[in-house]
Number of protein chains: 2
Amino acid sequence: MPVTIKDVAALAGVSPSTVSRTCKNNPSISKETKEKVRRAMTELGYEPNFQASNLANNNSRTIGIILPVSAKEAYENSFYLEVIRGISQFCNQRQYANTIITGQDENEILQVIRTMTRSGQVDGFIVLYSRHQDPIIDYLDEEGLLYVLIGKAYQLANQTIYIDNDNILAGQAATEYLYRLGHRKIAYLGCGDDLIFSSDRKAGYQLAASRLRLDAPVEYNVNMPSVFGDDYSSVRELLTSENRPSAMVVCDDILAVALERICNEIGLSIPDDLSIISFNNSLFAKLTSPQLTTIDINTAQLGIEAASQIINHIENPNLLATKIIVPHFIVERNSCRQI
Amino acid sequence: MPVTIKDVAALAGVSPSTVSRTCKNNPSISKETKEKVRRAMTELGYEPNFQASNLANNNSRTIGIILPVSAKEAYENSFYLEVIRGISQFCNQRQYANTIITGQDENEILQVIRTMTRSGQVDGFIVLYSRHQDPIIDYLDEEGLLYVLIGKAYQLANQTIYIDNDNILAGQAATEYLYRLGHRKIAYLGCGDDLIFSSDRKAGYQLAASRLRLDAPVEYNVNMPSVFGDDYSSVRELLTSENRPSAMVVCDDILAVALERICNEIGLSIPDDLSIISFNNSLFAKLTSPQLTTIDINTAQLGIEAASQIINHIENPNLLATKIIVPHFIVERNSCRQI
DNA sequence: GCTGTTATCGCAACCGTTTGCACTAAATTT
DNA sequence: AAATTTAGTGCAAACGGTTGCGATAACAGC
């Protein structure tokens with residue numbers, strides 16, 4: 001039923017091999033026959049069979065997109081959706097397929113990765129998260145599989161391709177922004193040091209704090225690993241202490257919303273009693289009241305660059321493992337005030 | 001490098017055809033040789049080549065996931081991420097691949113769909129949204145392509161497979177819930193009638209309103225098609241009018257958050273001045289303060305069922321176009337009060 | 001006019017699986 | 001014991017493209 005290379009060849013009065021060669025613009029085919037063949041192709045609406053060409057070329061033209069295990073927090077973060085959109089857009093343009101990989105736990109994901117690679121189903125992977133210790137990355141490294149990381153690489157940083165923002169710089173920028181508004185007591189709220197973006201933004205915060213000679217005692221470094229579970233105690237303590245900060249750098253919009261809730265509960269108003277700057281510029285930042293001042297990290301661009309890199313490496317096997325840094329920018333809204 | 005069917009055959013001392021047949025448990029192979037072959041397969045870690053088997057079987061074992069055009073609102077709704085997770089999970093289990101399809105506008109998406117089907121890249125599609133008029137659906141229908149819809153089918157409802165909640169019932173349930181709390185002035189906030197889930201939930205609301213003999217004037221039906229653009233006027237008017245409602249049914253958590261903002265701005269407090277019940281039970285519902293009472297629609301299950309249906313129809317070509325209704329349930333939180 | 005190039009294209013093998021059919025040996029029937 | 005069935009397995013063609021190599025023709029150089 002579908003039109004094959006033979007149909008085109010027959011209509012153009014040439015052999016299938018000639019059709020194949022004109023498809024890849026092989027110079028050993030004359031201009032005139034190429035034209036003939038191209039006319040036949042468009043007339044029939046020919047599109048080369050994906051499976052067949054992959055089989056012959058020994059590739060799959062598909063990249064696997066690895067999501068964090070669904071049990072983990074932060075899963076429902078539309079950050080991932082945005083990145084996927086970027087990846088997908090680029091893949092669609094370049095005639096690549098992509099396939100989402102998820103699982104309840106690491107073993108499920110590993111299992112899927114294993115059978116996919118053994119069956120030649122994917123040419124490479126994009127890993128949508130990066131943490132300090134991760135069995136998935138370990139496996140990919142061991143097996144010598146091609147992958148790019150969204151977020152900074154931790155181990156083997158020099159041999160792995162990754163796409164990231166300069167989160168340290170962004171953390172600094174956020175802190176300096178608050179400083180310029182007059183804040184001197186600035187705290188950092190992260191979501192646990194396991195996730196690299198959080199620890200990087202914290203590092204940036206600390207760097208800026210020491211440069212600006214801010215007083216940043218250890219209590220000013222708080223974590224809220226779970227957005228749900230009611231373990232807000234450390235944050236609560238900080239916000240009700242004598243020495244409470246006048247502003248906070250928060251590693252994610254979602255966390256900032258959670259922080260707003262706590263403030264609400266203990267009667268602090270934003271930005272009057274506490275200024276907040278966060279990261280990602282997600283819908284959350286636009287919808288809460290007050291709207292959040294946040295650092296936009298060009299999420300979709302992360303996906304586009306990741307796809308571009310992996311495809312580039314698939315098609316040119318021994319490129320070097322470059323790193324791509326996507327810029328960020330501040331979006332000023334109403335959650336920070338001058339003091 | 002990768003292990004092929006010939007390697008297994010050689011190790012087991014049989015022919016490739018025998019290996020292929022034991023893979024699909026063909027009864028004409030004796031128990032003993034099957035055992036022999038299976039041992040060889042596990043010893044070598046054999047996994048049949050995806051492309052080759054697809055070529056021979058004339059299928060692709062991959063399903064396309066069609067996202068709404070990215071320009072449209074509501075895009076950044078983690079609803080889609082959850083559904084994708086469900087789809088992906090099911091696909092991974094059944095050894096199917098999936099591929100995300102996006103685009104800036106409908107033509108881009110159509111283009112991708114066209115080349116994908118012509119090149120035999122996908123066996124079917126899952127469409128993640130449903131609206132009253134959609135060129136994508138038109139195209140799929142015209143070409144006789146296999147697809148399932150997440151959300152209710154509008155045209156050709158009896159010939160299309162769709163997975164949905166009973167949004168009319170859910171709309172009723174939400175309204176009745178408020179009624180039981182003592183509310184009599186209940187309004188509905190939707191995001192435009194083009195999206196079917198919104199118009200269905202409204203229909204449910206109206207049904208309940210008339211059954212319960214509520215006074216629901218036309219002004220009680222308001223829409224907020226854009227969450228951003230500051231076109232909040234109709235909502236504002238409603239909330240500041242003489243006859244303002246004491247409770248609202250809101251078609252989506254995100255919209256509910258936007259509503260909370262407006263209330264904040266005009267000095268209405270929730271739930272004291274206005275009770276809110278919304279839909280989806282997304283992160284938004286859990287993070288705002290007060291937390292939203294919301295109707296959970298089992299989002300991930302929608303994805304799982306969609307994947308199950310499409311695969312079922314791919315493997316059994318002339319099944320009937322069944323509909324699947326996924327149940328919902330109320331999650332009570334703090335955004336509604338008894339009056 | 002003969003040989004050596006060069007440009008252009010087709011033949012046929014191959015990628016790894018699947019499957020109709022033929023074939024062998026054992027089991028059953030006459 | 002010969003004939004027929006049956007169970008179990010292998011051969012080879014096919015799926016739709018790709019590509020090394022050889023074939024042909026045109027053309028240049030001597």
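Just after helix α6 of chain B, G120(B) takes a positive phi of about 65°, and this glycine is a convenient place to enter the model, which is a predicted one. The helix that precedes G120(B) covers residues 106–118 of chain B, and because each residue should add 1.5 Å, its 13 residues should span 18 Å, which agrees with the 18 Å that separates its end C-alpha atoms. Within α6(B), the residues I109(B), V112(B), I113(B), M116(B) and T117(B) are buried. These five cover an arc of only 120° around the axis, which means that they lie on the same side of α6(B). What the buried residues of α6(B) pack against comes from both chains, namely α5 of chain A together with β1 (62–66), β2 (97–101) and α7 (135–142) of chain B.

The packing of α6(B) against α5 of chain A leads on to the contact between the two protein chains. Here 51 residues of chain A are in contact with 51 residues of chain B. On the side of chain A that touches chain B, at least two residues each are supplied by α4, α5 (78–93), β2 (97–101), α6 (106–118), α11 (253–266) and α12 (283–287) of chain A. Of these elements, α5(A) gives the most, with 9 residues. In character, this side of chain A divides into 19 nonpolar, 23 polar and 9 charged residues.

How the two chains are related can be stated in terms of a superposition: a turn of 180°, with a shift of 0.0 Å along the axis, lays chain A on chain B with an RMSD of 0.1 Å. That is the relation of a two-fold axis. The same surface serves both copies, since 98% of the contact residues of chain A recur in chain B.

Among the elements named at the contact between the chains is α11 of chain A, which has 14 residues and reaches 20 Å from its first C-alpha to its last, close to the 20 Å expected at 1.5 Å a residue. The buried residues of α11(A) are D253(A), I254(A), L255(A), A256(A), V257(A), A258(A), L259(A) and E260(A). After α11(A) comes G267(A), whose phi is positive, near 80°.

One of the buried residues of α11(A), L259(A), is also a contact of V235(A), a residue found in helix α10 (residues 233–240) of chain A. Leaving aside its neighbours within four places in sequence, V235(A) is in contact with L189(A), V222(A), M224(A), L259(A) and I262(A). V235(A) counts as buried because it has 21 C-beta neighbours inside 10 Å, where 20 or more are required.

The remaining part of the picture is the DNA. Around strand D there are 25 residues, and the closest are I5(A), S17(A), S20(A), N49(A) and S17(B). The elements that give two or more residues to this surface are α2 (16–23) and α4 (50–57) of chain A together with α2 (16–23) and α4 (50–57) of chain B. The residues near strand D divide into 11 nonpolar, 13 polar and 1 charged.

Strand C is surrounded by 24 residues, the closest being T18(A), T33(A), I5(B), S17(B) and N49(B). The surface near strand C takes at least two residues from each of α2 and α4 of chain A and α2 and α4 of chain B, and its residues divide into 11 nonpolar, 12 polar and 1 charged.

Key:
Residues are numbered from 1 along each chain as its sequence is written. Chains are lettered from A and ligands numbered from 1 in the order in which they are written. This is a predicted model: local features need pLDDT of at least 70, side-chain atom pairs count only at pLDDT 80 or more; totals for chains, interfaces and linings use all residues. A residue is near a molecule or strand if its C-beta atom, placed from the backbone, lies within 6 Å of it. Helices (H or I, at least four residues) and strands (E, at least two) are DSSP runs, numbered from the N terminus. Ala, Val, Leu, Ile, Met, Phe, Trp, Tyr, Cys and Pro count as nonpolar, Asp, Glu, Lys and Arg as charged, and the others, Gly among them, as polar. Copies are superposed by least squares on the C-alpha atoms of residues with pLDDT of at least 70 in both. Two residues are in contact if their C-beta atoms, placed from the backbone, lie within 7 Å. The expected span of a helix is 1.5 Å times one less than its number of residues. A residue is buried if 20 or more other C-beta atoms lie within 10 Å of its own, exposed if 12 or fewer, and partly exposed in between; C-beta atoms are placed from the backbone. The arc is that of the directions from the helix axis to the C-beta atoms.
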